[in-house]
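Reader: Hey, can you walk me through this one? I'd like to start with the ligand and then move on to whatever else stands out.

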Amino acid sequence: MIVQFGECRLQLVQGDITRQDVDAIANAANSALAGGGGVDGAIHRAAGPLLKQQTAARYPDGCPTGSAVATDGGNLSAKFVFHAVGPVWGGGDQGEPSQLAGAYRRCLELAVEHNCESIAIPAISTGVYGYPMDLAAQTTLTTVRDFLVSHQNPKRVNVVLFDGGAFGAFARVLESIIG
Ligand code: AR6
């Protein structure tokens, strides 16, 4: 599913984010930048050891929840990886939506700062962090839409959903926010 916001294209893709042909990939990391499973594990496996070397050297204090930090892409075809830290779901009344929005906004700012035309982003917080998929889709897609409308950059954003359930939830929300 593809939606255009001015010169910018937002596309929902089902698949493995490490296979995306883009300038930058966003990762769903933890605040210690310690690596882990899920999309984080897949990105580190595909990219090789450079990412851990760079996060340890550049960000010894980690990254706060609701923000993101950049490394190179290592063996990925993407030039950069933006390690974003989403919130752990605690029921929704502990600032989770604004923290999730902040993580995406910072990834999009980093894409602009690093002159990336294209970025692939996963459904941050919807795995082990337990954020309900439909609520995550709402915050994610409105945050990306608002950023693209106001900045007209990056030109291409691929939201990459790992399975059909996630893709369906995001597609329903995207239809509702453009309709
Ligand atoms: N490509 C795209 N999406 C994926 C992939 C992939 N290769 N693999 C999983 N997903 P999660 P979180 C989806 O748990 O909830 C890590 O250990 C997955 O189906 O990766 O933000 C970190 O180190 C889900 O929808 O991230 C942190 O400790 C989404 O990616 C913690 O997990 C996010 O699931 C972060 O938890």
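Author: Sure, one definition to begin with: Ala, Val, Leu, Ile, Met, Phe, Trp, Tyr, Cys and Pro count as nonpolar, Asp, Glu, Lys and Arg as charged, and the others, Gly among them, as polar. Also, this is a predicted model, where local features need pLDDT of at least 70 and side-chain atom pairs count only at pLDDT 80 or more, while totals for chains, interfaces and linings use all residues. Residues are numbered from 1 along each chain as its sequence is written, and side-chain values use heavy atoms, with hydrogens and water left out.

Reader: OK, so how many nonpolar, polar and charged residues are in the shell around the ligand?

Author: There are 11 nonpolar, nine polar and two charged residues in that shell.

Reader: And which ones are the closest to the ligand?

Author: Val39, Asp40, Ser125, Thr126 and Gly127 are the closest of the 22 residues that surround the ligand. A residue counts as near if one of its heavy atoms lies within 4 Å of the molecule.

Reader: Which helix gives the most to the shell?

Author: H1 does, with four residues. Helix H1 covers 38-47, and along with strand S3 (24-29) it supplies at least two residues of the shell. Helices (H or I, at least four residues) and strands (E, at least two) are DSSP runs, numbered from the N terminus.

Reader: What about polar contacts?

Author: For those, read a pair of N or O atoms within 3.5 Å. A polar side-chain atom of Asn30 is 2.8 Å from a ligand oxygen atom. From the backbone, an N or O atom of Gly37 lies 2.9 Å from an oxygen atom of the ligand, and one of Val39 lies 2.8 Å from a ligand oxygen.

Reader: How much of the ligand's accessible area does the protein cover?

Author: On its own the ligand has 710 Å² of accessible area, and the protein covers 89% of that. Those areas come from the Shrake-Rupley method with a 1.4 Å probe.

Reader: Where does the ligand sit?

Author: In the largest pocket, meaning that more than half of its atoms lie within 2 Å of the pocket's grid points. On a 1 Å grid over the protein atoms alone, a pocket is an open set with protein on both sides within 12 Å along at least five of seven lines, a cavity is a set of points where a 1.4 Å probe fits but cannot get out, and lining residues have an atom within 4 Å of a point.

Reader: What lines that pocket?

Author: 27 residues, with Ala28, Gly38, Val39, Ala123 and Gly127 nearest its centre. H1 has the largest share of the lining, four residues. The pocket holds about 600 Å³ of space, a volume being the space filled by probe spheres set on the points.

Reader: Switching topic, which residues line the largest cavity?

Author: Asn27, Ala29, Leu33, Gly35, Asp40, His44, Thr55 and His83 do. That cavity has about 40 Å³ of space.

Reader: Any odd backbone spots?

Author: Asn153 and Pro154 are joined by a cis peptide bond, with omega about -10 degrees. Pro154 is in the loop between helix H4 (133-151) and S7. Then there's Ser125, which isn't a glycine but has a positive phi of about 75 degrees; Ser125 sits in the loop between strand S6 (118-122) and H4.

Definitions and conventions
Polar contact = N/O pair within 3.5 Å; in protein donor to acceptor, adjacent residues only side chain to side chain.
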